[in-house]
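Me: I am new to this structure and would like a close look at a single part of it, the disulfides. Please go through them slowly, and say enough about the rest of the chain that I can place them.

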Amino acid sequence: LLGCLCCQVWGSRLRQEDFPPRIVEHPSDVIVSKGEPTTLNCKAEGRPTPTIEWYKDLERVETDKDDPRSHRMLLPSGSLFFLRIIHGRKFKPDEGSYVCVARNYLGEAMSRNASLEVALLRDDFRLNPTDVVVAAGEPAILECQPPRGHPEPTIYWKKDKVRIDDKDERISIRGGKLMLSNTRKSDAGMYTCVGTNMVGERDSDPAELTVFERPTFLRRPINQVALEDEAVEFRCQVQGDPQPTVRWKKDDADLPRGRYDIKDDYTLRIKKASGSDEGTFTCISENRVGKIEASATLTVRAPPQFVVRPRDQIVAQGRTVTFGCEAKGNPQPAVFWQKEGSQNLLFPNQPLQPNSRYSVSPTGELTITSIQRSDAGYYICQALTVAGSILAKAQLEVTDVLTDRPPPIILQGPANQTLAVDGTALLKCKTTGEPMPVISWLKEGYKGFIGRDTRLSIQDQGTLQIKGLKVTDSGTYTCVATSSSGETTWSAVLEVTESGGAIISKNYDFNDLPGPPSKPQVTDVSKNSVTLSWQMGSPGILPVASYVIEAFSQSVSNSWQTVANHVKTTIYTVKGLRPNTIYLFMVRAINAEGLSDPSPISDPVRTQDISPPVQGVDHRQVQKELGDVIVRLHNPVVLTPTTIQVTWTVDRQSQFIQGYRLIYRQTSGLQTPSAWQSLEVKVPAERSAVLTNLKKGITYEIKVRPYFNEFQGMDSESKSARTTEEAPSAPPQSVTVMTVGNNNSTSISISWDPPLPDHQNGLIQDYRIWCLGNETRFHINKTVDAAI
């Protein structure tokens, strides 16, 4: 290659100690920044000492030996020194492949190639990092690609202008990626990717890492049980970054508008709970990085309500009576019975005792068989749930067998008729009764009209037959049904005419009449009225036009009386009755053909008594009679932790009793008994009441006092009852902990105040203290007496 440079020394003699050049230090590749000095080393041996020249890309390199102004200097050692590297976009005189050549007269030696490259680092990043938003605990990745450069730049990262220490085990840098695992709020900040090589450093555009926090619950809604009309609140407190939104759903659907209030702190409030509010309420909270839900159920306890109330009944000895009593509520109430003055309780499905005449059906009906006079009195139906209790009383009045029988009943009596002379008249009188009544007939009010007239006869079932009719047979005929229970009559007009053109009325067919209505039910009773309801019977050929109501009372008459005509509805209030009087009722339907058979007889019903007079009473007489009244208080019955049932009986009853005052006070849990409180029972016939909203686990003293206006009778003997306890509903208050002695002491002092009295729910027996050590396990578990 460099053969042209070789020369030989002709004619001279080769010295024995001379030797050709040999490169002992080869130049190395070098990368250098523009404008910076650098050296390409080259060292050679030989005798005589060789001369060294440099070649770049096979062209000889000019040095200061050739041009003193050259920025390249050939050093005595043979190395090529660059005062500064010149490098431009188009003019690149120093960059290339270099060799050094050493020569003497014996030959030359050439070094290995060495490249001189000019370092480069551009300004623009190929990929700038971008803003990242993550939730705390999630990994975060920021990525960049540095500017082009030579040598290829390396990367490190800065957070808030401070270099990141990648020794943190949560941080890893691979290539252009910065990865943070399990991010924390403290990781948030401005991140810069730095690309660097020997030219220098380049900063990327900053990127913001935002570490948000998913929503978390500070307070979750809890399951609740509430009474109807009580206020209910579901609380839901959350935290997060950014601040989460909160909304509620009920049974996976949006809340109906106007029914629920949402407070500023997202508490859901129901002013008055009802059965329709039962269900699952869900609090939903979300922000940019997460969503959480928590649910709670609402159970609404509806206090018992009577669907069917027992009513007073009057029954003859030896018969069977049934008192209806049906209640509803949530949960379904338990119904049981008690006779006033008796401690025995009667429950549905209770195993029958031998010879017992009392039973209660699963639906709550009390049945008493073989009624005896001792069964008379008040019977109390009670409906009880955790939501409360109610009671209703009904009086059983036992009558004598004979006095219980109503007068005879004429099922179908004679009908008005117009018949022709010489015809035959049939005047019907179909009766029933116990004992079976005897039927007789009157004409114009006289009995003896039949006499020996063979044309007239009384047939089976009491029908009066008149053959060979004469004009003189015209008149009013009355059927009389008589028995030991009383007498019942039914009249009709018979007109006999000689006119051949007269309109002759036919005897009606029973099938044309409407069927008898159902047994009338008593729905309301006052001093002078009774409200009845019934169902229409089977219709006849023609529709029912109206109803007739008949009544019987032994103290009013010995026969059935019509008390209402032209009744157009199947519910009617019979007015004008006597107070404190027993009545029986039956109903007939009317259509164009006539009257139906009567309905079954109603159960006996007694109208209410007249209230005791208020105006013009003798106060001394009132006070005297009230003073003679003796109220006997039974042992109170604790129904629930907050309710007590109080029952009593009354000896020496007085007309001057408007009601009773239940007087009670708290006698436990306080240093001295509390002030007396009172509950008024304004129904004189009432013998029971329930005290509500009492404190749990507390003893109460109770007594009963009769009253009339401002006058008061003697108190009953007092009785005590203690409501049942429940677990405290609030924790101890003002808990403080202090060390005892010096810093090395192993003892601490703990003090506290009891829960507020309304939350103690009984007598606190002891307190239990737990001490939690560093290893999250209980080191000490201690119980101390409640008096400490």
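Reply: What follows sets the scene, then takes the disulfides in turn, and ends with the residues beside one of them and the nonpolar cores.

The model is a predicted one, so a word on confidence comes before the details. The mean pLDDT of the protein chain is 87, and 92% of its residues reach 70 or more. Residues 1-12 have a pLDDT below 50, and in the model this stretch makes 11 contacts beyond near neighbours in sequence. Where pLDDT is low, the predicted coordinates should not be read in detail.

For orientation, an unreviewed UniProt entry carries the annotation "domain: Ig-like" for residues 21-117, 123-210, 215-299, 304-399 and 407-495. That unreviewed entry also gives "domain: Fibronectin type-III" for residues 516-610, 629-727 and 731-788. In the model, residues 21-117 are 0% helix and 49% strand, with the end C-alpha atoms 28 Å apart. Over residues 304-399 the figures are 0% helix and 54% strand, and there the end C-alpha atoms lie 34 Å apart. Residues 629-727 come out at 0% helix and 51% strand, with 43 Å between the end C-alpha atoms.

Turning to the cysteines, the structure contains five disulfides. If the bonded cysteines are numbered in sequence order, they pair as 1-2, 3-4, 5-6, 7-8 and 9-10. Three of these disulfides are described here, beginning with the bond between Cys-42 and Cys-100, whose sulfur atoms are 1.8 Å apart. Cys-42 sits in the loop between β3 (38-40) and β4 (43-47), while Cys-100 belongs to strand β9 (residues 96-104), so the bond ties together parts of the chain that are 58 residues apart in sequence. The torsion about this S-S bond of Cys-42 and Cys-100 is about 65 degrees, and therefore the disulfide is right-handed. Cys-42 counts as buried because its relative accessibility is 1%, with buried meaning under 20%. Cys-100, at 0%, counts as buried too.

The next disulfide to consider joins Cys-144 to Cys-193, with 2.0 Å between the sulfur atoms. This pair links distant parts of the chain, 49 residues apart: Cys-144 is in the loop between β13 (140-143) and β14 (149-150), and Cys-193 is in strand β19 (residues 189-197). Both Cys-144 and Cys-193 are buried.

The bond between Cys-429 and Cys-479, with its sulfur atoms 1.6 Å apart, deserves a longer look. Cys-429 is placed in the loop between β42 (425-427) and β43 (430-432), whereas Cys-479 is in strand β47 (residues 475-483), so parts that are 50 residues apart in sequence are tied together by the pair. About the S-S bond of Cys-429 and Cys-479 the torsion is about -60 degrees, so this disulfide is left-handed. Cys-429 counts as buried at 1% relative accessibility, and Cys-479 counts as buried at 0%.

From Cys-479 one can step to Thr-488, a residue of strand β48 (residues 486-497). Leaving aside neighbours within four places in sequence, Thr-488 is in contact with Cys-479 itself, and also with Pro-407, Pro-408, Ile-410, Val-480, Ala-481 and Trp-560. Thr-488 is buried, with a relative accessible area of 7%, and a polar atom of its side chain lies 2.5 Å from the backbone oxygen of Pro-408. Another polar residue, Gln-417, is found in strand β41 (residues 417-420). Gln-417 counts as buried at 3% relative accessibility, and its side chain reaches the backbone oxygen of Leu-426 at 3.1 Å.

To complete the picture, there are the nonpolar cores. In soluble globular proteins, nonpolar side chains tend to be buried together. Here the largest nonpolar core has 25 residues, and Val-646, Trp-648, Leu-662 and Val-704 have the most contacts inside it. Two or more residues of this core come from each of α1 (619-628), β57 (630-633), β59 (643-651), β60 (659-666), β62 (688-691) and β63 (699-708). A second, separate core has 20 residues, among them Trp-337, Val-360, Leu-366 and Leu-396.

How values were computed:
Residues numbered from 1 in each chain as written. Predicted model: local features only at pLDDT ≥ 70, side-chain atom pairs only at ≥ 80, totals over all residues. Heavy atoms only, no water. UniProt positions renumbered as here; feature names shortened; annotations may be inferred. Helix = DSSP H or I, 4+ residues; strand = E, 2+ residues; numbered from the N terminus. Disulfide = S-S within 2.5 Å. Buried < 20%, exposed > 50% of the residue type's maximum accessible area, 1.4 Å probe, protein only. Core = buried A, V, L, I, M, F, W, Y, C linked by side-chain atoms within 4.5 Å. pLDDT = per-residue confidence, 0-100. Contact = heavy atoms within 4.5 Å. Polar contact = N/O pair within 3.5 Å; in protein donor to acceptor, adjacent residues only side chain to side chain.
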